[in-house]
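This report looks at salt bridges and at the contact between two domains. The structure is shown first.

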6 protein chains.
Amino acid sequence: MQILVVNPNTTQTMTATIAAAAKGVAAASTEIVAVTSPMGPASIEGYYDEALAVPGLLIEIARGEKAGAQAAVIACFDDTGLDAARALAGIPVLGICEAALATTAFVARRFAVVTTMERSRLPVEALVERYGMKDRCNVRAADIPVLSLEDPASNARERLRAEIAAALAQDRAEAIVLGCAGMADLAAELTHEFGCPVVDGVSAAVKQAEALIALNLSTAKRGAYARPVDKTYTGLLSAFAPQELLGNG
Amino acid sequence: MQILVVNPNTTQTMTATIAAAAKGVAAASTEIVAVTSPMGPASIEGYYDEALAVPGLLIEIARGEKAGAQAAVIACFDDTGLDAARALAGIPVLGICEAALATTAFVARRFAVVTTMERSRLPVEALVERYGMKDRCNVRAADIPVLSLEDPASNARERLRAEIAAALAQDRAEAIVLGCAGMADLAAELTHEFGCPVVDGVSAAVKQAEALIALNLSTAKRGAYARPVDKTYTGLLSAFAPQELLGNG
Amino acid sequence: MQILVVNPNTTQTMTATIAAAAKGVAAASTEIVAVTSPMGPASIEGYYDEALAVPGLLIEIARGEKAGAQAAVIACFDDTGLDAARALAGIPVLGICEAALATTAFVARRFAVVTTMERSRLPVEALVERYGMKDRCNVRAADIPVLSLEDPASNARERLRAEIAAALAQDRAEAIVLGCAGMADLAAELTHEFGCPVVDGVSAAVKQAEALIALNLSTAKRGAYARPVDKTYTGLLSAFAPQELLGNG
Amino acid sequence: MQILVVNPNTTQTMTATIAAAAKGVAAASTEIVAVTSPMGPASIEGYYDEALAVPGLLIEIARGEKAGAQAAVIACFDDTGLDAARALAGIPVLGICEAALATTAFVARRFAVVTTMERSRLPVEALVERYGMKDRCNVRAADIPVLSLEDPASNARERLRAEIAAALAQDRAEAIVLGCAGMADLAAELTHEFGCPVVDGVSAAVKQAEALIALNLSTAKRGAYARPVDKTYTGLLSAFAPQELLGNG
Amino acid sequence: MQILVVNPNTTQTMTATIAAAAKGVAAASTEIVAVTSPMGPASIEGYYDEALAVPGLLIEIARGEKAGAQAAVIACFDDTGLDAARALAGIPVLGICEAALATTAFVARRFAVVTTMERSRLPVEALVERYGMKDRCNVRAADIPVLSLEDPASNARERLRAEIAAALAQDRAEAIVLGCAGMADLAAELTHEFGCPVVDGVSAAVKQAEALIALNLSTAKRGAYARPVDKTYTGLLSAFAPQELLGNG
Amino acid sequence: MQILVVNPNTTQTMTATIAAAAKGVAAASTEIVAVTSPMGPASIEGYYDEALAVPGLLIEIARGEKAGAQAAVIACFDDTGLDAARALAGIPVLGICEAALATTAFVARRFAVVTTMERSRLPVEALVERYGMKDRCNVRAADIPVLSLEDPASNARERLRAEIAAALAQDRAEAIVLGCAGMADLAAELTHEFGCPVVDGVSAAVKQAEALIALNLSTAKRGAYARPVDKTYTGLLSAFAPQELLGNG
């Protein structure tokens, strides 16, 4: 099996963290291909960055599928471009927020997501509602810039711990979801420290991708995720016409 | 007052239809500046086109605000890039779906949106839910490609009429919302024909924009729509770094 | 354009405050006709007053329409008698709560209403749910009697300020809606003071009324708002038979 | 025990039907006092009539409580003025829609209300949502004027039967609620005919009123149903000032 | 009238408390038959105990109906086995949570349940949602083991009082529901003490059972509560085959 | 890895079908241990059978965990006893409805469950709501007794096909979930036949169980799924006291 993991921001050190988490849980027979988006923001913090991370993501999804990937993972917790990627791709595509929530729901009735910045909280809350978890999952922001997770001198990890503690004490959370791909290396350590399930979305998505491949399931192509209609694309984005990225339909 | 109306697809004939509708309802003192996106898809049909229409839209929002617009309207019924545009802009930004639903809700308890293609139906249903109208508004697709609305030889307008008739007869709809900017020229005629309110989103958004300007209201900048964080943007999209588009924060 | 603004309580000083707010935002070509209900309670605080304010309101709606008004505004934040007025009138009718929420939703994802007394909180919460804003808007009561807003010796305005500050600090509110027509004169001052949008319903409703008139929209008359059925009305209320108020149908 | 049953429309023959239903199920020790509203519409069909039926209802609630009633029933299926009556009264007050839905929910998972006219359907749907039954109860209108139920020459009862049959066949309804006080005499006959529970709201409300009296429960007076604030009432409605109807607080 | 009241745990002292509460509110003509489950847990605290209390409950429901009961009450606040009992029985069956919530909703807009242990809180919250009360009722756990309510040396009653006080002060509760059958003897005393309605589910269910009998209503047998299909049951539970418990269908 | 798959009904031929499906998708390193409940109903059709299938299920969960299983699957589509099993077990426990819905949600926006009998439809709808899929998944019943799926002479499979076709044509379903463990052998064939994803819950649950084991996740034990409290169990079920099944806590 080959699974494509796309980091939709352009920071390669974060791709390395993500790749390590993915490889750490992948089956022996699974090859993880981790790539960094070739264009767009260095980190995704709020609606503006999210929108501009999508073109680079879509390029990598199309390229990865042509290169033989059997499933793809979008390694950003706002599930950047998930619907567009599903319409584009023939292979199944997973968001790490979606995968983390679905996985955690098997082991806890109530849980909490701890994400980075306040401006990311509302988009994540919208995902929690979209995925049907609004009544059992609340979202907290630890007020840490995404790239500070990469910086050993920052106090980002202490803030994260404090917010997890608050979620367990005040929100009746029984388990924790780490709300940023850049936290992927912390799940095991925090599980041990807090004595409750702490779920990383990258790891969860890799296992879900393996499951979909084994079950021989791919995205339904009738309805919302039908192949994009061929048409003219112009300007800077002319290479994104469906017939360009996918070949003639 | 100057109101910017952005057509986020790249088809200039559609911009002309939109501009005419906007000017038709604007106050005497309002200047309508209608522009066409400089990049991306010729029409927006489904999630893939929608995602790739956003960069061109954002360019025009930033340019229009610098040129003196006091409010902006996004003239595509899937409210393309609305959240990203609101985070980017200092001026208020309106989607035509949002404006049409809010306006129609003042004159009918139950109503229906009639949109173009089946693949656009689910995204519009998600907007209807986001704007709090799920229990009073249902969405129908007339199965017409967007650009066929521009083509006098197509039967697009007959299909639209048939779907409106079905909404009134079967859905307990008391009013109709036209679910595509390309239908903007039809509202008056259909209102007369069906004897019920038929609302065009472009017109509704222009009046809402005038209202916001008169009320001296702009997008709240604490929380979800805070100014994007300055950071490195790379590759094809390097010009979209917030400090590039907006100037240093 | 002529817009009727009805104060459904019988306190004329409050009508003056409302009229000033309405005229302050109306277009140059709009005539505001502000009237006071001829019967019922001096202020509307809770379900009992609300029910008994409706007959006087309906009298004024019918009278105003006959006198040439093209739209009507009900200037009480519990949207007193809105459904009955819509069924009665041929012209569009707006509630100030409805108009304020719809307007604020264009400029903020989350916001708060600050109303007067605890007993008005639950009815306003019911309106927030009816208008589809339950997940993004919470309601606070500042515990101030309505008429104390007219009294310079009361501390009503200080309590209002304290509650606004609490909404911004504790509820993730990005904007504030003033939950009483008697607060209409405070919006500009509070916007400046708190640095966030502060919306007055009377002003918002006047602009929405102008928009509906310009868009040539009136209440749908199939379904919930069909003209009342002619029938015998008796006793104190015999003058309210539809055929009396409206003329024979 | 004395239970007040108020018919909020002014048609005395309907009061007789209601009184018979109430007496038919009351305990031997219960005295039913059935009264007709002294003012307002001859029947309640839609929002306009409903609003104008409230003052007459409130008069009778206040009068009945002073005369010794221990509970009151509002015998109109739109639960006319229920919140205002609860704020006014010291004794418990029940709506027949509310009582019918609560009772039917004990004996069926899914059920349907069959009401009279289309314009009453939406208000009843709003009650079904308010009482928490939206996911298990749908509402049908048989398209029959309320007073035609009193007219042996009309085909109202045949239409009612046809709509019940449709609810059982098409809506997965397991039981039926009769959606008009004027149908109170039909429940037993229709239960036998259709072989499923058919619930009349007047009967249900009388038994709920007896239950509340036996349990020594009355309306909570903290919060939404606090006693109305004493204040000036003017004009035609001057007699409705709380201190007039209730005595000084 | 004969009403069966089943205590689904096996603790006879609790049955005595329940029987006293039931008899305290029953009509003079009602015979209360209170029985204790013959098998399963001594108290029901959480999902595991709840599941294993069902077989004993079903035995008693079947036995009681054969012995002439006209309605049955399940006297445990998690409404143990309610759906299975309704499918089994010909007579109406009531849960005490369901009955308490429906009754309290007639006298308060907002209220709170105070139950025993944290692990029972989530199941009760699920019932509150099922019965349509989620927006007006919250659930608190006083952290008291069920059987400690029977123990005069425990501080269970003080903890219960403290939690009621917190619900009134912090949750905008206007009334209280006692969330355990073992609290049935406390309702009158707490009503007096807190000056608001305090509702016991056993008492409420008895009155609802009397109401259903008087209204001649029984569980609908089309749909979810159809008679169980006859089939082989094996092992320890072979006596539970429907044809065994009910006789051949 | 060892995964326990429990058939909670007592029909061994159905266990064989389930075991084959489980083994068909399990990883090479996974051992499937499929067992049949030792007590209770031969098939689970509706609430009554479901309740009485739980004790046998719990016995097998406890036995399987002691014997070394690292995860357990409950192979009945009503997720029989899932909450009780999660409270009991130390290992993760999966229901096949839950697993199928979560898996299908990764590959389709809208989908349908096709289950067996009408009386199972409402319980499955309740699960769909519990798992947050109400707005995107509807439930159909093919009106086939569970055991007829094992009978080559029945027309059960034709009815199933007809219902799938109806879901695709009428419900906007993009994918199908097979709503009975006894259909586990049909997924591949139906996927090919209908050209859309057709998901079997047993297969999905096995892959989800493997994912949870690989992610080192087990059920959270704070809150709803805390270990059952040790206490006396009596009568036929005395062996189910937690301290008996689990050993002293």
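## Salt bridges and the domain contact

Over all chains, a search of the whole structure finds 120 salt bridges. The model is a predicted one. Four of these pairs are set out below.

| Pair | Closest N to O distance |
|---|---|
| A:Asp83 and A:Arg130 | 2.9 Å |
| A:Arg227 and A:Asp230 | 3.0 Å |
| B:Glu125 and F:Arg172 | 2.7 Å |
| E:Arg121 and E:Glu125 | 3.8 Å |

The salt bridge of B:Glu125 and F:Arg172 runs between chains: B:Glu125 lies in helix α5 (residues 118-130) of chain B, and F:Arg172 in the loop between α6 (156-170) and β8 (175-179) of chain F. B:Glu125 has a relative accessible area of 24% and is partly exposed.

In chain E, the partners E:Arg121 and E:Glu125 both belong to helix α5 (residues 118-130), where they are four residues apart and therefore separated by about one helical turn. E:Arg121 is buried, at 18% relative accessible area, whereas E:Glu125 is partly exposed, at 24%. In a network built from salt bridges that share partners, A:Glu118, A:Arg121, A:Glu125 and C:Arg172 are joined.

For the pair A:Arg227 and A:Asp230, A:Arg227 is partly exposed with a relative accessible area of 28%, and A:Asp230 is also partly exposed, at 33%.

### Domains of chain A

The domain assignment divides chain A into domain 1 (2-95 + 204-246) and domain 2 (98-200). Taken over C-alpha atoms, the centres of the two domains are 22 Å apart. Contact involves 27 residues of domain 1 and 28 residues of domain 2. About 2,000 Å² is buried between the two domains, with 60% of it on carbon and sulfur atoms. On the side of domain 1, A:Met14, A:Glu45 and A:Phe77 lose the most area to domain 2, together accounting for 33% of what that side buries.

Which kinds of polar link are counted between the domains? There are two salt bridges and 11 residue pairs in polar contact, both residues being at pLDDT 80 or more. On the side of domain 1 that touches domain 2, α1 (12-25), α2 (47-66), α3 (82-88), β5 (93-95) and α8 (201-214) of chain A each supply at least two residues. The most come from α1 of chain A, with five residues. By residue type, this side of domain 1 has 14 nonpolar, seven polar and six charged residues.

Methods: Residues are numbered from 1 along each chain as its sequence is written. Chains are lettered from A and ligands numbered from 1 in the order in which they are written. This is a predicted model: local features need pLDDT of at least 70, side-chain atom pairs count only at pLDDT 80 or more; totals for chains, interfaces and linings use all residues. Side-chain values use heavy atoms; hydrogens and water are left out. Domain bounds come from an automatic or database domain assignment. Contact means heavy atoms within 4.5 Å. Buried area is the accessible area (1.4 Å probe) that two parts lose on being put together, summed over both. A salt bridge is a side-chain nitrogen of Lys or Arg within 4 Å of a carboxyl oxygen of Asp or Glu. A polar contact is a pair of N or O atoms within 3.5 Å; within protein, one must be able to donate a hydrogen and the other to accept it, and residues adjacent in sequence count only if both atoms are side-chain atoms. Ala, Val, Leu, Ile, Met, Phe, Trp, Tyr, Cys and Pro count as nonpolar, Asp, Glu, Lys and Arg as charged, and the others, Gly among them, as polar. Buried means under 20% relative accessible area, exposed over 50%, partly exposed in between (1.4 Å probe, protein chains only).
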